[in-house]
Amino acid sequence: MTLLRVSDLTIQDRLGTALVDGVSLSVDRGEILGLVGESGSGKTLACRAMMRLLPGEGLTIRGGEIRLNGADVLTYGEKQMMAVRGREIGMIFQNPASHLNPVMTIGRQIAEGRRRHFGASRREARQHAIELLRQVGIPDPASRVDNYPHEFSGGMRQRAMIAVALACEPKLLIADEPTTALDVTVQMQVLHLLRDLRDRLGLAVILITHDLGVVAQTCDRIAVMYAGRLCETGGKREVLGAPLHPYTRGLIECQPSSDGGAGRMITIQGQPPLAQRFPAGCRFHPRCGSATAECASVQPEMRVEPGADSHAAACHHAASVVNRGMVHGH
Amino acid sequence: MHRYRFVLWRPFQLLPVLFGISVLVFVMVRSIPGDPARILLGVRSTPQAIARIRAQYGLDEPLWLQYFYFVRNLLQGEMGKSIIYRVDTLKLIDSRIQPTIFLVLGSVLLAVLIAVPLATGAARYRGRLADHAIRLISTIGLGLPAFWLGIMVILLFSISLHWFPVSGYGSDWAERLHHLFLPCLTVALALSAVLTRNLRASLLMELQNDYVTAARARGLSENHIFWRHVMPNSLIPTINLLAVNIGWLIGGTVVIESVFAIPGLGQLLVKAIISRDYMVVQGVVLVFALATVAVNLLADLLTVALDPRVKL
């Protein structure tokens, strides 16, 4: 059952550049959607729009719909939005050290949301905070609840931030690169925790990441973004196993192979374009080996792959799977 | 509680500071031209009479011996007899310290009561008319000298409006409060200008922080975020600025007590300097130094209480 459906979301900056351009996504209950893309591809921006918390001034949502349980949150007033934030959609961030208030105890930060959305008493909220810390795997939660963020390690801080989000019992958790700042072993633990929470609570998760390895381990479905536009969506197996878009293919080939490889890293040639200089046509065409004249002039629409019920890509040559697009370099 | 342990050893660390100040004051006060005995006895005094007074107060001893006596007396809880008042300086200070304490405390309280709402308004309505007005007023406030502001305040509230007495210090509490209000206001206006600007900048910086975004993402109200998250973080640097300014303010009481004729330590100090009353000058300056040091210790305590990351 669809929990959140974003259609044709467009976000512009002050100059009128569409940093997010016509993006459509959906997340079901209990599903983990991986939102993949390079820095600046608009994935964080798109998710902030779902909470109507766009970072920076001058950014505006220009069009589209964000339907949460069928109701368009873009029509909500600020008061209604405050009831959505935390309660319906929770968010955790890349850098837990800076997203936790350094002078407030972990327990109070967890309790705040509980008190705000559930009207819990100080005491109830504290008990609940201890219980949540236990759930996210903090040892000795009854005494840790009174610690400050700097007394936690990096991985524990991320767990604490997850507990802060869970306190309001959201249906959807947006996890913005939650493991990027963590050690590899701790990364695994946090991803396990997210999957475990999905299984136990039926939580839907949007996992923003640039790491396909994380996606492969954790997600059910994948959406790939490039330069503000969606390139490809589909089930994890389809997208990773039979990518339709040259960019997705490039990302997959960029992953360092686990057998050590021959010492050469495969990369996608060139740089992603700056927002002010998005090329006409397909935004990926200057870096794409299979680009044609059509790619340079006509923007490709998302098309569902024949035979696959939800695997779609925005590429003129999606059907003709070619492998010439990638340039093998250093 | 180990974070507060510095309170125990900090006073011992400050002993060298106080020693240095005592030496400095001792030497400086004796370097001012003029002889206390001559000033006490007047221009027509005989050399014999002057010599007798000098001997009576130990002023004919070598400087190092005088300092030795000074320290020895201090350790016995005495500061030496005032030449003018003929009582021990400590007793003199005891009788004059109350108005100064209330002047300083009242000024700081009033300054905080002015600065916190103004800085809050400016930060929350950043770039709007309220912000510009508050910044303009505080810039003007920074430029006004205390003695001039004091006189203007007297002219307005005392001479024209008759709301407050021109000068002096009352005999009961209500009267004292009434008398101290204008001097406190004068100091507070200048002090609040500094505090407002600092706190506003601090608030704006904290508002940019990630934890504010995270708090919004939890659905907390802007009011809650501002007072529970942003304000405590912003107060940490402002408290240290306040401590520095209180130190400066303690010296500033000299001017304010003179303008408003308040019988406090500042006024005592001015009179003592004019009459070269060495013991009193030394005593008062030492008390001022001690107070400044104590205020800074208090600020450190507050910082440690507000910021769990700080270890001293």
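This passage describes the fold of chain A, the contact between chains A and B, and a pair of helices in chain B. The structure is a predicted model.

Chain A is a good place to start. Its secondary structure comprises 12 helices and 12 strands. With a radius of gyration of 21 Å, close to the 20 Å that the globule rule gives for 330 residues, chain A is as compact as a globular protein of that length. The C-alpha trace of chain A spans about 65 × 50 × 35 Å along its principal axes. Buried positions account for 45% of the 330 residues. Among the contacts in chain A that link residues at least 6 apart in sequence, 64% bring together residues at least 24 apart.

Eight of the strands of chain A form an open sheet of mixed pairing, and the order across the sheet is β6-β7-β8-β3-β9-β10-β12-β11. At its edges lie β6 (89-92) and β11 (303-304) of chain A, each of which pairs on one side only. Helix α7 of chain A, residues 154-166, packs on this sheet, where it touches β6 and β7 (172-176) of chain A. The direction of α7 makes about 165° with that of β6(A).

Within the sheet, strand β3 of chain A (residues 32-36) deserves a closer look. Five of its five residues are buried, and both faces of β3(A) are covered. On one side the buried residues are I32(A), G34(A) and V36(A), while L33(A) and L35(A) are buried on the other. This two-sided arrangement fits a simple rule of strand geometry. In a regular strand the side chains alternate between the two faces of the sheet.

The neighbours of β3(A) can be described in turn. Strand β8 of chain A (residues 204-209) pairs with β3(A) in the parallel sense over five bridges. Strand β9(A) also pairs with β3(A) in the parallel sense, here over four bridges. V36(A) offers a handy landmark for both pairings: its bridge partner in β8(A) is T209(A), and in β9(A) it stands opposite V224(A). Moving on from β9(A) (residues 221-226), the sheet continues with β10(A) (residues 229-235), and these two strands run antiparallel and are joined by six bridges. One of the residue pairs here is A223(A) with T233(A), the latter in β10(A). Strands of a sheet pair through backbone hydrogen bonds, either parallel or antiparallel.

Attention now turns to the contact between the chains. Chain A contributes 25 residues and chain B contributes 18 residues. On the side of chain A that touches chain B, the elements giving two or more residues are α2 (78-84), α3 (96-99) and α4 (106-118) of chain A. Of these, α4(A) provides the largest share, with four residues. By class, the residues on this side of chain A divide into 13 nonpolar, eight polar and four charged.

Chain B, finally, offers a helix pair that is easy to find in the structure. Helix α5 of chain B (residues 89-124) and helix α10 of chain B (residues 222-259) have axes that come within 10 Å and cross at roughly 145°. The crossing of α5(B) past α10(B) is right-handed. From α5(B), the contact draws on T100(B), L103(B), V104(B), S107(B), V108(B) and R124(B). From α10(B) come F226(B), I246(B), L249(B), I250(B), T253(B) and I256(B). This helix contact has eight nonpolar, three polar and one charged residues.

Methods:
Residues are numbered from 1 along each chain as its sequence is written. Chains are lettered from A and ligands numbered from 1 in the order in which they are written. This is a predicted model: local features need pLDDT of at least 70, side-chain atom pairs count only at pLDDT 80 or more; totals for chains, interfaces and linings use all residues. The radius of gyration is taken over C-alpha atoms; the globule rule is 2.2 Å times the number of residues to the power 0.38. A residue is buried if 20 or more other C-beta atoms lie within 10 Å of its own, exposed if 12 or fewer, and partly exposed in between; C-beta atoms are placed from the backbone. Two residues are in contact if their C-beta atoms, placed from the backbone, lie within 7 Å. Axes are lines fitted to C-alpha atoms, for helices over the stretch in contact, and angles run from 0 to 180 degrees between N-to-C directions. A crossing is left-handed if the near helix is turned anticlockwise from the far one by less than a right angle, and right-handed if clockwise. Ala, Val, Leu, Ile, Met, Phe, Trp, Tyr, Cys and Pro count as nonpolar, Asp, Glu, Lys and Arg as charged, and the others, Gly among them, as polar. Two strands pair if DSSP finds at least two bridges between them.
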